[in-house]
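Please load the model in your viewer, with side chains available for display. The tour below proceeds from one selection to the next and states what each contains.

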Amino acid sequence: GQDEDVPTIGLLTTIICNADLSDDFVYEVTKIIYESGYQKDTYASSEAAGWPKVCNIEEIVDATSIPLHPGAQKYFEEKGITF
């Protein structure tokens, strides 16, 4: 029932994992996050209104402030993202 725009903030999300997790496991989890369309229907209306795309792989370089797990790094490098 919201009839007016409401100023809000948005934050980038970082998923932190244990360095001992296998590279294959972290690779698969990263791939699922970026390729599964997770909640795409939920966010479609906000994206249509001009809000940033959820899980936009092109923004990962700016969103990363800690070292990547080697499994995640492998996924991003396969997609042409370099850090």
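Begin by selecting Glu59, which sits in the loop that joins helix H2 (40–48) to helix H3 (60–63); helices here are DSSP runs (H or I, at least four residues), strands are E runs of at least two, and both are numbered from the N terminus. This is a predicted model, in which local features need pLDDT of at least 70 and side-chain atom pairs count only at pLDDT 80 or more, whereas totals for chains, interfaces and linings use all residues. Residues are numbered from 1 along each chain as its sequence is written, and side-chain values use heavy atoms, with hydrogens and water left out.

Is Glu59 buried, partly exposed or exposed? Its relative accessibility is 32%, so Glu59 counts as partly exposed; buried means under 20% relative accessible area, exposed means over 50%, and partly exposed lies in between (1.4 Å probe, protein chains only). Now add Ile81 to the selection: 22 residues separate Glu59 and Ile81 along the chain, and their C-alpha atoms are 9.5 Å apart.

**The whole chain**

Zoom out and colour by secondary structure. The protein contains four helices and zero strands, which gives the pattern α-α-α-α along the sequence. With a radius of gyration of 15 Å, well over the 12 Å that the globule rule gives for 83 residues, the protein is more spread out than a compact globule. The radius is taken over C-alpha atoms, and the globule rule is 2.2 Å times the number of residues to the power 0.38. Along the principal axes, the C-alpha atoms fill a box of roughly 50 × 25 × 25 Å.

Next, display the surface. About 6,800 Å² is exposed, and carbon and sulfur atoms supply 53% of that area (Shrake-Rupley method with a 1.4 Å probe; for residues, only the protein chains shown count as cover). Of the 83 residues, 16% are buried.

**Helix H4 and its contacts**

Select Tyr75, located in helix H4. At 2% relative accessibility, Tyr75 counts as buried. Which residues does Tyr75 contact, leaving aside neighbours within four places in sequence? They are Tyr27, Thr30, Lys31, Tyr34, Glu35 and Ile57, where contact means heavy atoms within 4.5 Å. A distance label from Tyr75 to Asp24 should read 9.9 Å between C-alpha atoms, for a sequence separation of 51 residues. In the protein as a whole, residues 24 or more positions apart account for 57% of the contacts with a separation of 6 or more.

**The salt bridge**

Keep Glu35 in view and add Lys79. These two residues form a salt bridge, with the closest N and O atoms 3.2 Å apart; the criterion is a side-chain nitrogen of Lys or Arg within 4 Å of a carboxyl oxygen of Asp or Glu. The pair links distant parts of the chain, since Glu35 belongs to helix H1 (residues 23–35) and Lys79 to the segment after helix H4 (70–78), 44 residues apart. Glu35 is partly exposed at 40% relative accessibility, and Lys79 is partly exposed at 43%. A search of the whole structure finds one salt bridge.

Now select the charged side chains. There are 5 positive and 15 negative ones, and the centres of the two sets lie 10 Å apart. Lys and Arg count as positive and Asp and Glu as negative, while His and the chain ends are not counted; each charge is placed at NZ of Lys, CZ of Arg, CG of Asp or CD of Glu.

**Helix H1**

Select Asp23 in helix H1. Asp23 has a relative accessible area of 41% and is partly exposed. Not counting residues up to four places away in sequence, Asp23 touches His69, Pro70 and Gly71. Measure across to Asp3: its C-alpha atom is 47 Å from that of Asp23, although 20 residues separate the two along the chain.

**Helix H2**

Finish at helix H2, which is hardly covered: among its nine residues, the count of buried residues is zero. Ser45 belongs to this helix and is exposed, with a relative accessible area of 54%. From Ser45 to Asp3, 42 residues apart along the chain, the C-alpha separation is 16 Å. Lastly, select Gly50 just after H2, where phi is positive at about 105°.
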